[in-house]
Amino acid sequence: MTTQTWIITGASRGFGRALAESALAAGDHVVAAVRRPESVADLEAQYPDTCLIATFDARDVAAAADLVRDTLERFGQLDVLVNNAGRVVVGAVEEVSDAQLRALMELHLFGPAALVRAALPAMRERGTGTIVQMSSQGGRTSFPGVSAYSASKFALEGWSEALAGEVAPFGIRVMLVEPSRFRTGFNRGDVVEFAEPSAAYRDVLANVRADMAGVDGRQEGDPARAAEIIVSLAHGEEVPLRLPLGREAVERVSRAYRRGLEEVERWAETARSADFAGVPASVRPV
């Protein structure tokens, strides 16, 4: 395989760590962008010529350009950008504060957007590149208690779908990865954040809170296997725009599509009646 250079945010654990290990094992170059450099010091020690540690906070939009510049100075090119850093806030809409909602938007949308903008000029110049956006099955379908998380992932997906159409003419690919439950540490007590429960929603969300708090270490998804799939696709000739990962993700996302189509079809005549009578459909560029 041709050697590729990766930037991976949130590479200290979970999917990011697994992706870094898989790409390095495949002979690629990896820039591990992390808040705590010591968390990936072993990778740099094992792969001193192909691994670069970059101190980076994925929410710091001003630091994106420097991260790309350092990558190009060290390895001369950028082939794969992985926006992976993420976390979750669990709580009802009335329980989650504006600050908590904005923090997730900064981490899951504004940070990745800044890094993509910084990476695109180098990718366009070479006429190649792959942008991997780590979304979630919660980026296609939501449920009570995760409104803030899903809102940020839905936003990332909409932004990335438009991006894919804009950069395809330059040979750049976009892949949204939508995992189900994987043993990444995502549900660890020091990672998942719970909004202060209110009396009104305490019983409504009791099972959701218990599930999110108690699933760590019991998830069915294997991060190492997921990383192998993503690395293989990045080296391949074709990537899907959306890739549900894990059996649960395939089933839940499929149900969401079917449910959405059924609802559109049920209300189609009512919806069509909103148009001016006798006016033909407009010709659109997309």
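How many bridges join β6 to strand β7, and in which sense do the two strands run? In this predicted model, six bridges link β6 to β7, a strand that spans residues 172-179, and the two run parallel. One of the contacts in this pairing sets glutamine 133 against leucine 176, its bridge partner in β7. Between the two strands the chain passes through helix α5, residues 147-167, and the resulting β-α-β crossover is right-handed.

Strand β6 itself covers residues 129-134, and six of its six residues are buried. Its side chains can be sorted by direction: Gly129, Ile131 and Gln133 point one way, whereas Thr130, Val132 and Met134 point the other way, and all of them are buried. In a regular strand the side chains alternate between the two faces of the sheet. Glutamine 133, already met as the partner of leucine 176, is thus to be found in the set that also holds Gly129 and Ile131.

The strand β6 is also joined to β4, residues 80-83, with which it runs parallel over four bridges. Within this pairing, valine 82 stands opposite valine 132 in β6, and leucine 81 has isoleucine 131 as its bridge partner there. The side chains of β4 divide in a comparable manner, with Val80 and Val82 pointing one way and Leu81 and Asn83 the other way, and all four residues named here are buried.

From β4 the reader can continue to β1, since these two strands pair in the parallel sense over three bridges. Here isoleucine 8 stands opposite valine 82 in β4, and valine 82 is also the residue that stands opposite valine 132 in β6. Strand β1, residues 5-9, pairs in turn with β2, again in the parallel sense, over five bridges, and in that pairing tryptophan 6 has valine 30 as its bridge partner in β2. Helix α1, residues 14-25, belongs with β1 and β2 to a β-α-β unit that is right-handed.

Strand β2, residues 29-34, is mostly covered, six of its six residues being buried. From this strand His29, Val31 and Ala33 point one way, while Val30, Ala32 and Val34 point the other way, and all are buried. Strand β2 pairs with β3, residues 51-55, over five bridges and in the parallel sense, and one of the partnerships in this pairing is that of valine 34 with threonine 55 in β3. Together with helix α2, residues 41-46, the strands β2 and β3 make another β-α-β unit, and this unit is right-handed.

Three individual positions add detail to this picture. Valine 146 lies in the loop between β6 and α5, and it counts as buried because its relative accessible area is 5%, below the cut-off of 20%. Its C-alpha atom is 9.6 Å from that of valine 96, although the two residues are 50 residues apart in sequence. Threonine 128, by contrast, is found in the loop between α4 and β6, and its relative accessibility of 31% makes it partly exposed. The C-alpha atoms of threonine 128 and leucine 52 are 22 Å apart in space, with their positions 76 residues apart in sequence. Leucine 243, in strand β9, residues 242-245, counts as buried at 15% relative accessibility, and its C-alpha atom is separated by 5.8 Å from that of glutamate 178, 65 residues apart along the chain.

Turning to the aromatic residues, a search of the whole structure finds zero aromatic pairs. There is, however, a placement of a charged residue over a ring: arginine 124 lies over the face of phenylalanine 170, at 5.8 Å from the ring centre.

What of the space left inside? Rolling a probe the size of a water molecule over the atoms shows where empty space is left. The count comes to two cavities of 30 Å³ or more, and the largest cavity holds about 40 Å³ of space. Its lining is formed by Thr9, Phe56, Ala58, Asn83, Asn84, Ala85, Leu107, Gly111 and Pro112. Helix α4, residues 98-126, gives the most to this lining, with three residues. Asn83, one of the lining residues, is also one of the buried residues of β4, where it points the same way as Leu81.

Key
Residues are numbered from 1 along each chain as its sequence is written. This is a predicted model: local features need pLDDT of at least 70, side-chain atom pairs count only at pLDDT 80 or more; totals for chains, interfaces and linings use all residues. Side-chain values use heavy atoms; hydrogens and water are left out. Buried means under 20% relative accessible area, exposed over 50%, partly exposed in between (1.4 Å probe, protein chains only). Two strands pair if DSSP finds at least two bridges between them. A crossover is right-handed if, with the strands pointing away from the viewer, the path from the first strand over the helix to the second runs clockwise. Rings of Phe, Tyr and Trp (its six-membered ring) pair if their centres lie within 6.5 Å; planes under 30 degrees apart count as stacked, over 60 as edge-to-face and the rest as tilted. A charge sits over a ring if NZ of Lys or CZ of Arg is within 6 Å of the ring centre and within 35 degrees of the ring normal. On a 1 Å grid over the protein atoms alone, a cavity is a set of points where a 1.4 Å probe fits but cannot get out, and a pocket is an open set with protein on both sides within 12 Å along at least five of seven lines; lining residues have an atom within 4 Å of a point. Grid points are joined across faces, edges and corners, and a volume is the space filled by probe spheres set on the points.
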